Amino acid sequence: MPAVQMKVYQREEIELQVSERSEKGKGDVGRLRRDQGMLPGVVYGHNQEPVCFKIPKRTLERALGHGGADAVFLLNMEGSKDLERAVVREIQYHKVMDEIVHVDMLRIDPTETLRVEVPIVTEGIPAGVHTGGGALQQTLTRLEMICVASELPSRIEVDITDLEIGDSIHVAELLEQDERINTDPSVTIVSVLSPRLTIDEELELAAEEGVEGEARLSALAAQLVEDGQ
């Protein structure tokens, strides 16, 4: 199998205009969303006092909708001359409406080292699927990386076009290209399975893989439920 082709994309920097927020109680915050079209948030970390802010609902939704959840935000607080760098720590949604109701952000220093989870996305259709009738199985969707805050990745793209039936890509093959990866090198990311594998063969293979096979078992169980077996 040819060497794995991968691309690491850096996090985008997005400047956001925010205002300091005095509304703190449930009622006041509710009116803030309902009457002013603003969303509440808080930024904290680095042994500094948390700062509550508010931001127009559409502005935040637009930023998050374009990959902002994995961006570095430059918070421009009204009345302040300094931009504050932060990343999204948590987004809270309404239980029924599935709309954003609050956002938590964590301050970062460009020079500090962070441990982060980075999404893995695949590019292309494996040859073993396209021409061989095999099935693609992705058992790992995020990689742990240790990175300087100024170089945080937003995602890792892996080209799977050349994979034939029986081929797999392991973390070790990506680690050779980026030493910041901190996930167990032996873990499988994607595999192309033979269409002739029976359920019993899948279970046997998963058992042999131990901990790694647990992901395979979970995927197989989900597929069986979906197929009504």
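# Worked exercises on a predicted model

S19 is buried, its relative accessible area being 17%. The model is a predicted one, and the exercises below start from this residue.

**Exercise 1. Determine where S19 lies and which residues, beyond four places in sequence, it touches.**

Solution.
- Step 1. Classify the residue. Because buried means under 20% relative accessible area, the value of 17% places S19 in the buried class.
- Step 2. Assign the element. S19 belongs to strand 2, which covers residues 13-20.
- Step 3. List the contacts. With residues up to four places away set aside, S19 touches C52, F53, K54, M77 and E78.

**Exercise 2. Describe the chain as a whole: its secondary structure, its buried share and the reach of its contacts.**

Solution.
- Step 1. Count the elements. The chain has six helices and 13 strands.
- Step 2. Find the buried share. The chain has 229 residues, of which 39% count as buried.
- Step 3. Consider contacts with a separation of 6 or more. Residues 24 or more positions apart account for 65% of these contacts.

**Exercise 3. Identify the residues that touch the most other members of the largest nonpolar core, and state which elements each supply at least two of its residues.**

Solution.
- Step 1. Name the residues. The largest nonpolar core has 27 residues, and L143, V158, I169, L174 and I189 touch the most other members.
- Step 2. Trace the elements. At least two residues of this core come from each of strand 8, strand 10, strand 11 (153-159), helix 4 (171-175) and strand 13 (188-193).
- Step 3. Find the largest share. Strand 8 provides it, with four residues.
- Step 4. Examine one member. Apart from neighbours within four places in sequence, L174 is in contact with V4, M6, L143, V158, I181 and I189.
- Step 5. Look for another core. A second, separate core has 19 residues, including L16, F53, I55 and M105.

**Exercise 4. Locate E84, give its surroundings, and analyse its salt bridge with R107.**

Solution.
- Step 1. Place the residue. E84 is found in strand 6.
- Step 2. Gather the contacts. Outside the four nearest places in sequence, E84 is in contact with V43, Q48, F73, L74, L75 and R107. For V43, the separation along the chain is 41 residues, while the C-alpha atoms of E84 and V43 are 9.3 Å apart.
- Step 3. Characterise the charged pair. The side chains of E84 and R107 form a salt bridge with an N to O distance of 2.5 Å. E84 is in strand 6 (residues 83-93) and R107 in strand 7, so the pair ties together parts 23 residues apart in sequence. The two side chains also make a polar contact, at 2.5 Å.
- Step 4. Compare the accessibility classes. E84 is partly exposed at 22% relative accessibility, whereas R107 is buried at 5%.

**Exercise 5. State how many salt bridges the whole structure contains, and examine the pairs R34 with D35 and E144 with R115.**

Solution.
- Step 1. Take the total. The search of the whole structure gives eight salt bridges.
- Step 2. Examine R34 and D35. Their closest N and O atoms are 3.6 Å apart, and the two form a salt bridge. R34 is exposed, with a relative accessible area of 60%, and D35 is exposed as well, at 55%.
- Step 3. Examine E144 and R115. Their side chains meet in a salt bridge of 3.1 Å, N to O. The pair links distant parts of the chain, with E144 in strand 10 (residues 142-148) and R115 in strand 8, 29 residues apart. R115 is exposed, at 56% relative accessibility.
- Step 4. Add the surroundings of E144. Not counting residues up to four places away in sequence, E144 touches R115, V116, E117, R180, I181, N182 and T183.

**Exercise 6. Determine how many aromatic pairs there are, and which ring has the charged end of R155 over it.**

Solution.
- Step 1. Count the aromatic pairs. The count is zero.
- Step 2. Identify the ring. The charged end of R155 sits over the ring of Y9, at 3.8 Å from the ring centre.

**Exercise 7. Place P110 in the chain, classify its accessibility and relate P110 to R85.**

Solution.
- Step 1. Place the residue. P110 is in the loop between strand 7 (100-107) and strand 8 (113-123).
- Step 2. Classify the residue. With 31% relative accessibility, P110 counts as partly exposed.
- Step 3. Relate sequence to space. P110 and R85 are 25 residues apart in sequence, and their C-alpha atoms are 8.1 Å apart.
- Step 4. Complete the contacts. Beyond neighbours within four places in sequence, P110 is in contact with R85, V148, A149 and S150.

Note on methods:
Residues are numbered from 1 along each chain as its sequence is written. This is a predicted model: local features need pLDDT of at least 70, side-chain atom pairs count only at pLDDT 80 or more; totals for chains, interfaces and linings use all residues. Side-chain values use heavy atoms; hydrogens and water are left out. Buried means under 20% relative accessible area, exposed over 50%, partly exposed in between (1.4 Å probe, protein chains only). Contact means heavy atoms within 4.5 Å. A salt bridge is a side-chain nitrogen of Lys or Arg within 4 Å of a carboxyl oxygen of Asp or Glu. Rings of Phe, Tyr and Trp (its six-membered ring) pair if their centres lie within 6.5 Å; planes under 30 degrees apart count as stacked, over 60 as edge-to-face and the rest as tilted. A charge sits over a ring if NZ of Lys or CZ of Arg is within 6 Å of the ring centre and within 35 degrees of the ring normal. A nonpolar core is a set of buried Ala, Val, Leu, Ile, Met, Phe, Trp, Tyr and Cys residues joined through side-chain atoms within 4.5 Å. A polar contact is a pair of N or O atoms within 3.5 Å; within protein, one must be able to donate a hydrogen and the other to accept it, and residues adjacent in sequence count only if both atoms are side-chain atoms.
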